[in-house]
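Here are my notes on the model you sent round, set out as numbered points. They move from the whole chain to single residues.

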Amino acid sequence: MFRKKECVAMLLAGGQGSRLYVLTKNVAKPAVPFGGKYRIIDFPLSNCINSGIDTVGVLTQYEPHVLNAYIGAGQTWDLDRLRGGVSVLPPYQGKTSEWYKGTANAIYQNIPFIADYDPEYVLILSGDHIYKMDYNKMLQQHKDTGADATIAVLDVPLSEASRFGIMNCKPDGTIYEFEEKPKQPKSTLASMGIYIFSWKKLRKYLEEDEANPQSSNDFGKDIIPAMLANGEKMVSYRFEGYWKDVGTIESLWEANMDLLSPNSGLALSDDNWKIYGRTTGSPPHFTAKGAKVQHTLLSEGCEIAGNVSESVLFSDVKVAKNAKVEYSILMPGAIVEEGASVRYAIVASGAVIAKGAQIGEGPSDCDVDKWGVAVVAENVRIGENVKLAAKEMAGEDIPDAK
């Protein structure tokens, strides 16, 4: 029996995440591990179900296999529904056979999916942001204002505004101008890449945009400017909580470190707004006699015999005796052998740091301009006594030092 849905969410999760370099060599950015037990995509999916939105299309493209397997039938997020739930939507061969050309084209190619639920509203989300947000509040404002489009905005420092798409608004929140990364911003209201559209209006603009050969088929560059130019009612929705685009090595490291700060605004222990993620089934973590663990997130299956502080450790990580880990992120199955040191680094899944190796440097160890996060790619082995300095990346096997 046909069941109409008031609002359908479309989650754009096909990004390559090139600024994460070796961390997205084999996985899409939304599938990158985060916070000890999650993946980035857990946040928008959890936000959807917590907001009462139970129909979500996940649009995949780049390296989708890990993401597809992780999402599965959606049971983790209570999205395994008979009608609705979560659906993975890769590009497919229909009237046209092509990759998603842009964010707007990705939604255009999935008009039949949306139309099947005959929604009043469509929520457009990105799969690479870390935040907790009640989309239902944004939807309610959209209804109350009679908007054709509502765009979530975050007030950012003026010094950073030129990095974002900026919404210039009237006192009542109505948007009158959009500027993409302006050199001299008139406002500090940055678009979060979260949109709610009235579906009939959006469908019209998607079809017109697709028919325009000059279009880049992007929401920020094409759809939103076209709607503004035609006088459609566009309203901003101010968000005041924690939000971070984890599209760079530094921002991913910072967001993980924020989990250790009680004042960051990123609290995962809130029972009223849980973030759901798949469990590994590993045994409880184990800390050996003589080990020292301070101010660190430990996940199931970890075995710690060395010293760990100010870090985030995912499942099945092993830190051997006399090894030292500080201000670092160790993803699932990473191993730090005896006497090795890992500081200010991200070590990807399955990587091995051999005996005596030294990964990364702290700000006090090198020139401030040279300081940064060291990265070891998935399944790479760093040989004995090898040194990897700040900002350096290991993306392939490094032979043992002679």
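1. The secondary structure of the chain amounts to eight helices and 30 strands, and the coordinates should be read throughout as those of a predicted model. The radius of gyration is 22 Å, close to the 21 Å that the globule rule gives for 402 residues, so the chain is as compact as a globular protein of that length. Taken along the principal axes, the box filled by the C-alpha atoms is roughly 65 × 50 × 40 Å.

2. On burial and connectivity, 53% of the 402 residues count as buried. Among the contacts between residues at least 6 apart in sequence, 57% join residues that are at least 24 apart.

3. As to the surface, the chain exposes about 18300 Å², and carbon and sulfur atoms supply 47% of that area. There are 42 positive and 51 negative side chains, and the centres of these two sets lie 1 Å apart.

4. The largest nonpolar core has 97 residues, and those with the most contacts inside it are M133, I194, L330, I353 and V376. Helix α8, which covers residues 249–258, gives this core its largest share, namely five residues. In soluble globular proteins, nonpolar side chains tend to be buried together.

5. Which residues does V376 touch, once those up to four places away in sequence are not counted? They are I346, V347, A348, A351, I353, I359, I382, L388 and A394, and of these I353 is itself listed among the residues with the most contacts inside the largest core. A second, separate core has 33 residues, including V8, A104, Y195 and L202.

6. Helix α1, residues 42–50, is mostly covered, with eight of its nine residues buried. The buried positions are D42, F43, P44, L45, S46, N47, C48 and I49, a list in which polar and charged residues stand beside nonpolar ones. Just after α1, G52 takes a positive phi of about 85°.

7. S282 is found in the loop between α8 and β14, the latter being residues 286–287. Its relative accessible area is 16%, and S282 is therefore buried, since the limit for that class is under 20%. Leaving aside neighbours within four places in sequence, S282 is in contact with E300, G301 and D316. From S282 to P90 the separation is 192 residues in sequence and 31 Å in space, C-alpha to C-alpha.

8. H65 has its place in helix α2, which runs over residues 65–71, and with a relative accessible area of 46% H65 is partly exposed. Although H65 and V27 are 38 residues apart in sequence, their C-alpha atoms are 7.8 Å apart in space.

9. Two residues other than glycine deserve a look at their backbone angles. N217 has a positive phi of about 60°; this residue sits in the loop between α6 (199–210) and α7 (219–229), and at 5% relative accessibility N217 counts as buried. H295, for which phi is near 45° and thus also positive, lies in the loop between β15 (292–294) and β16 (303–304). Is H295 buried or partly exposed? At 44% relative accessibility, H295 counts as partly exposed.

Notes:
Residues numbered from 1 in each chain as written. Predicted model: local features only at pLDDT ≥ 70, side-chain atom pairs only at ≥ 80, totals over all residues. Heavy atoms only, no water. Helix = DSSP H or I, 4+ residues; strand = E, 2+ residues; numbered from the N terminus. Rg over C-alpha atoms; globule rule 2.2 N^0.38 Å. Buried < 20%, exposed > 50% of the residue type's maximum accessible area, 1.4 Å probe, protein only. Contact = heavy atoms within 4.5 Å. Areas by Shrake-Rupley, 256 points an atom, 1.4 Å probe, with all protein chains shown as cover. Lys, Arg positive; Asp, Glu negative; His and termini not counted. Charge placed at Lys NZ, Arg CZ, Asp CG, Glu CD. Core = buried A, V, L, I, M, F, W, Y, C linked by side-chain atoms within 4.5 Å.
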